[in-house]
Structure formats: C-alpha cells, structure tokens
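Let's walk through this one together, starting where the chains meet and then moving to a few residues and charged pairs. Have the viewer ready and follow along.

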Amino acid sequence: MREFPQHNLSAASRRQFVRAVIYGGLAFAGLPAFGRASRPPLGHVVVIGAGFAGLTAAKYLRDWSGGNIAVTLVEPNSQFVSCPQSNLVLGGSKTLDDLSFSYQTARKRHGINWVKDSAIAIDVQNRQLQLSRGTLAYDKLILAPGVDFDYSHIPGMAIPVADIPHAWKAGKQTLQLRQQLESMPDGGNFVMTIPRGPYRCPPGPYERACQVAHYFKQAKPRSKVIILDANPDITSKKGLFLQSFKNQYDGLIEYHNNSEIILLDPVKKTVKTDFEQVQADVLNVIPPQLAGKIAQSAGLNNVDQRWCEVDFVTYASSAHPDIHIIGDSISAGLPKSAHMATSQAKICAAAIVDMLAGQSPNPLPVFANTCYSFVDDKQAIHVANVYRYDAQKKTMVSAEGGGVSLQASVQEGDFAQAWAQNIWTDTLN
Amino acid sequence: MLLGSNICYAIDPAIPLAASCAACHGPQGNSMGVTPTLAALNQDYFIQRMQGFKDGSVPSTVMHHHAKGLTNDEISALASYFAAQPRRTPTPLPHQTFQGAQ
C-alpha cells in the first residue's frame with residue numbers, strides 16, 4: 001500500500017529545502033512583512049484573485065508545501081459570492097445570502113497573507129506587482145482574474161448601461177435582474193443575448209432561461225423568455241436543455257440561434273438581429289468576454305487578444321514563464337467552469353511546489369470536471385469528463401467515457417446541491 | 001510507486017488527481033452532502049465499485065463518466081489515497097449576508 005503522509009512533501013524535498021536554506025540557494029524576493037528569520041524556505045507566491053481558481057491555488061500551495069511557501073492573495077472584494085447557483089436567485093429558489101461567504105476561514109486556517117487591494121500592473125523584469133496601494137515582490141505569480149467584459153463590439157451599446165445588467169458575475173446585478181423580473185408585467189418579454197463562445201460557464205445562459213421560465217410559469221405565465229444566441233447552436237447539454245424547453249416550458253421559451261446583435265437600442269430596449277427586431281421588457285445582455293484586466297495589462301492575452309495561452313503542465317503563461325494563469329482567463333478547449341478552475345488551480349499549485357522544490361512537475365496531469373445545471377428549483381442535469389494532458393497536442397483532452405445525463409432528475413438536483421456544498425467547502429474552508 | 005513514472009516528485013501526482021474529486025466528494029473525500037464520503041473507504045471496495053462503473057455492471061448516474069476516463073493504475077492510486085484519509089466531521093461553511101459587491 002502506498003503511503004500518503006499528512007505532510008505531502010517527500011523527505012527528499014524537505015532535505016532539499018533545508019540545504020537550500022543553509023546555503024541560501026533559493027532566492028526570495030521578500031515581502032517587507034517577513035523578517036529575515038521567518039523567510040519561507042521555498043519562496044513567495046502572489047496570487048491575484050480570490051475566486052474559485054485563485055483561492056484554491058493559495059490554499060493548496062500552503063498545504064502541499066507544508067507551509068514552506070509563503071502565499072499572498074490580492075483581492076479587492078471583501079467576500080466571496082458564488083456564480084454557481086446564482087441563476088437560482090433569478091428563479092427564486094435561492095437568495096444571494098445563500099451564496100455569500102467570508103474569506104476569513106480559508107485565510108486563517110491556511111495561513112494566507114491577505115491584501116485587500118487591486119492589482120494594477122506587473123513589473124515582469126523585477127518580479128514586482130503594483131497594487132493600487134503599494135507593491136509586492138514575488139518569486140512566482142499566479143493570475144486568476146476571471147473574465148472581463150467587452151462591450152466595445154456591441155452595436156448600439158458600446159459601454160455598459162445601468163438598467164441592462166449582465167448578471168454574469170454574481171452580485172448586485174443578479175439582484176437587479178431578479179427585481180426587474182419581479183417588476184415586469186405579465187405578458188412581457190425577457191430577452192437574453194448570448195455572445196459567441198468562449199465565455200464563462202457555457203451552459204449558464206440556458207440554465208438562466210430555464211430559471212426565468214420557472215419563475216414565469218408560477219408568477220407570470222403569459223410572459224416569454226427569448227434567447228438570442230450568437231452561436232450556431234446551444235453550446236452545452238443541448239439535448240437536455242431542449243427537453244426542458246419543450247417539456248417543462250413549452251410556449252415560455254423561444255430559442256433563436258445565429259442571432260448576433262446587429263443593433264441594440266438601450267433606451268427602447270430593442271434588439272435587431274439578421275432575422276427580426278425583438279422588443280424586450282427586461283433585457284439581459286451577456287457581453288463578449290476576455291481575460292481579466294491584469295492579464296491584459298501585462299499583454300498575456302495572446303490568443304485572439306482575448307485569452308491567455310498557458311502550458312497545461314504548469315499553467316505558466318507562454319508569454320512569461322514566471323507568471324502562471326488559471327481559471328476563466330486561459331485559452332483552452334475546456335469549459336470555463338468552477339470545477340475546471342479548481343482542478344487547474346490544484347495542478348498549478350502542485351507544479352509550483354515541485355518547481356520551487358527543485359523538482360520536475362508531473363508531465364502528464366489528469367483532472368476531472370463535473371458541471372451541473374438546474375432546469376427548475378429541484379431538478380438538475382450534468383456534464384462530466386476526465387481530462388488528461390496530451391503531450392503531442394500540448395493540451396488537455398477529454399478522456400473517453402465522458403458525457404451528460406440521460407434526463408433531468410431530482411436525484412441530480414440533490415447531487416448538484418452536494419456539489420455546491422463540497423466545492424464551496426473545498427475552496428473556502 | 002508513483003503514477004506512470006519512477007521520477008520523484010515533491011507532490012505525488014495522485015494527490016492533485018484525488019483533489020480533483022473534491023468538488024463532488026469534499027476535501028480529502030469528506031462529503032458535505034448526499035454524494036458519498038470516500039475518506040477511509042476500503043481500498044478493494046473502492047476499486048470494485050469503480051471498475052463496475054467503468055464496465056457498466058454497476059449502474060450510476062454520473063460516476064461512469066469519470067470511471068471510464070481513468071486508467072486502472074489511477075483507480076488503484078485513488079483507492080489507496082482515499083483509504084488513507086481520516087473521516088472528519090465537516091466544518092460548517094462561513095456563510096455571510098451579501099454585502100453588495102459588484
């Protein structure tokens with residue numbers, strides 16, 4: 001039987017740290033907060049962004065290095081608000097309070113240095129991060145900034161408009177959209193536009209359509225959900241969503257594919273596509289997306305000027321090897337999901353521990369992704385896959401045997417709740 | 001013996017692989033919900049169930065999609081890992097009132 005010591009570093013690695021400390025073999029750029037005596041033997045990693053990806057990376061770097069790596073997390077928000085399940089706030093079966101969490105537990109339990117601030121710029125040469133208040137030196141930098149929104153190519157709405165929320169980051173806009181739906185008269189149209197992929201959470205818009213239709217079915221049965229999808233087809237769990245549209249929400253949901261916005265009038269709330277002009281009572285524009293701002297500022301968004309190319313063994317940027325990027329910002333044929341973000345974070349954390357310990361990272365990483373969508377307040381559907389690194393293709397490829405639910409069920413709704421509880425616990429505790 | 005190689009890693013590759021199961025089965029296999037707790041699960045039973053999901057002899061809703069994607073070595077490594085994890089009473093999540101971000 002193999003042994004898994006509580007302390008996950010091998011004896012050889014520990015000896016190596018000790019040697020490194022004695023001979024000063026490892027460079028540590030150093031935070032002023034660390035005195036010389038308390039220098040972490042393996043180095044200092046700065047993580048930008050405390051979402052699923054960043055927080056997971058920070059936590060596992062601490063745990064898997066046995067505390068031998070100092071980790072500083074930079075995050076401007078004071079609490080964690082979960083995007084998964086935020087569509088249920090629109091459907092009425094969850095509140096935003098159900099999805100809001102303190103960072104304190106993770107921070108204290110894993111000994112993460114916390115800086116409540118925004119990252120402004122990266123000085124790659126000097127391995128320094130500029131914050132809005134001060135600077136931070138790092139040995140390795142991990143960016144987990146999530147997505148940024150690009151309104152510039154939306155004809156007629158080149159900047160965000162206050163009463164047309166995206167609600168694509170859980171928070172104020174989620175509540176705003178729910179309130180708009182509550183205020184809408186029965187018989188009104190909820191119009192949602194979906195950008196061309198890739199975007200955060202591929203099945204999210206279709207789950208949202210089901211949630212809004214679930215609310216309409218109970219409260220406003222003469223109303224309609226109109227989906228204007230810029231993509232040629234439903235991008236995820238297609239058959240299952242079509243089943244729900246037809247069987248649960250017949251006459252409540254209209255799905256229009258290839259419906260790129262030709263002109264949007266934010267005052268009249270009309271959307272013109274190649275085929276029609278649609279009048280909205282509540283308009284939800286999910287904007288095109290790209291890597292988070294800090295990645296753009298450092299020129300790391302080197303794929304289509306949107307996403308960041310990384311090495312899937314270490315998540316090092318192809319533009320700068322000392323900067324690692326995880327989560328929704330990276331370019332991959334992988335869905336931008338919370339589970340994917342945490343799986344990438346763990347591979348990245350393990351690779352950085354290996355590298356700072358002077359060893360090679362595992363050249364063939366493997367991880368899983370399971371993603372649930374709720375089609376009403378109780379039933380859910382899933383897509384699940386194992387992904388493994390393909391050294392020839394230099395990317396993560398879906399292993400054989402992955403797939404989706406046979407049908408929506410209450411049992412999968414219970415699994416989806418358990419998924420949320422467990423991924424939150426894994427990230428936040 | 002490490003997964004697929006004799007190289008000595010600081011982190012055994014089975015550990016991040018097992019950690020990837022946490023989204024559904026909880027940290028170190030201690031589940032907070034209706035999904036089974038894998039911590040301290042008998043190794044042979046783990047392998048038997050996973051092989052059953054893989055060949056279809058054990059019916060499943062989700063797990064066949066994962067079991068079929070894993071090699072026999074990976075299933076054995078996961079079995080060893082989870083068998084070695086203690087069962088823990090999960091700490092409650094740090095729920096908070098929404099404070100108005102974003």
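What follows is a look at a predicted model, taken from the interface inward.

**Where the chains meet**

Let's begin with the contact between the two chains. On the chain A side 71 residues take part, and they are in contact with 53 residues of chain B. Together the two chains bury about 5,200 Å² between them, and 59% of that sits on carbon and sulfur atoms. If you wonder why a figure like this gets quoted, the size of an interface is often given as the accessible area lost when the parts come together.

How many salt bridges are there between chain A and chain B? The count is one. Its partners are Arg388(A) and Glu74(B), whose side chains meet with an N to O distance of 2.6 Å. Polar contacts between chain A and chain B come to 27 residue pairs, with both residues at pLDDT 80 or more. On the chain A side, helix H10 (residues 410-428) gives the largest share of what touches chain B, namely 13 residues. Sorted by class, that side of chain A has 30 nonpolar, 28 polar and 13 charged residues. Keep helix H10 of chain A in mind, as one of its residues, Asp426(A), comes up again below.

**A span from the record**

UniProt, in an unreviewed entry, puts the feature "domain: FAD/NAD(P)-binding" at residues 44-157 of chain A. In the model, that span is 21% helix and 33% strand, and its end C-alpha atoms lie 43 Å apart.

Gly51(A) is worth a click here. You'll find Gly51(A) in the loop between strand S1 (43-48) and helix H2 (52-64) of chain A. Is Gly51(A) buried or partly exposed? With 28% relative accessibility, it counts as partly exposed. Leaving out residues up to four places away in sequence, Gly51(A) touches Thr56(A), Glu75(A), Phe80(A) and Thr427(A). There is also a long-range pairing to look at: the C-alpha atoms of Gly51(A) and Gly327(A) are separated by 8.9 Å, though the two residues are 276 apart along the chain.

**An asparagine in a loop**

Next, go to Asn231(A), in the loop between strand S12 (224-229) and helix H7 (238-247) of chain A. Its relative accessibility is 6%, so Asn231(A) counts as buried. What does the side chain of Asn231(A) reach? One target is the backbone oxygen of Pro195(A), at 2.9 Å, and another is the backbone nitrogen of Gly197(A), at 3.0 Å. Beyond residues up to four places away in sequence, the residues that Asn231(A) touches include Ile194(A), Arg196(A) and Tyr199(A), and also Tyr255(A), Asn257(A) and Asn258(A).

**Charged pairs inside chain A**

Over all chains, the whole structure has 15 salt bridges. Here are three of them, with the accessibility of each partner.

| Salt bridge | N to O distance | Relative accessibility of each partner |
|---|---|---|
| Lys59(A) and Asp426(A) | 3.8 Å | Lys59(A) 4%, Asp426(A) 0% |
| Asp322(A) and Arg127(A) | 2.8 Å | Asp322(A) 22%, Arg127(A) 32% |
| Lys269(A) and Asp163(A) | 2.7 Å | Lys269(A) 13%, Asp163(A) 34% |

Take Lys59(A) and Asp426(A), whose closest N and O atoms are 3.8 Å apart. This pair links distant parts of the chain, with Lys59(A) in helix H2, Asp426(A) in helix H10 and their positions 367 residues apart. Lys59(A) is buried, and Asp426(A) is buried too.

In the pair of Asp322(A) and Arg127(A), the side chains meet at 2.8 Å. Asp322(A) lies in the loop between helix H8 (293-297) and strand S19 (323-325), and Arg127(A) in the loop between strand S6 (119-123) and strand S7 (128-131), so the pair ties together parts that are 195 residues apart in sequence. Asp322(A) is partly exposed, and so is Arg127(A).

Lys269(A) and Asp163(A) form a mixed case: Lys269(A) is buried, whereas Asp163(A) is partly exposed. One network is also worth tracing: salt bridges that share partners join Lys59(A), Lys346(A) and Asp426(A).

Conventions
Residues are numbered from 1 along each chain as its sequence is written. Chains are lettered from A and ligands numbered from 1 in the order in which they are written. This is a predicted model: local features need pLDDT of at least 70, side-chain atom pairs count only at pLDDT 80 or more; totals for chains, interfaces and linings use all residues. Side-chain values use heavy atoms; hydrogens and water are left out. Contact means heavy atoms within 4.5 Å. Buried area is the accessible area (1.4 Å probe) that two parts lose on being put together, summed over both. A polar contact is a pair of N or O atoms within 3.5 Å; within protein, one must be able to donate a hydrogen and the other to accept it, and residues adjacent in sequence count only if both atoms are side-chain atoms. Helices (H or I, at least four residues) and strands (E, at least two) are DSSP runs, numbered from the N terminus. Ala, Val, Leu, Ile, Met, Phe, Trp, Tyr, Cys and Pro count as nonpolar, Asp, Glu, Lys and Arg as charged, and the others, Gly among them, as polar. UniProt positions are given in the numbering used here, feature names are shortened, and annotations may be inferred rather than shown by experiment. Buried means under 20% relative accessible area, exposed over 50%, partly exposed in between (1.4 Å probe, protein chains only).
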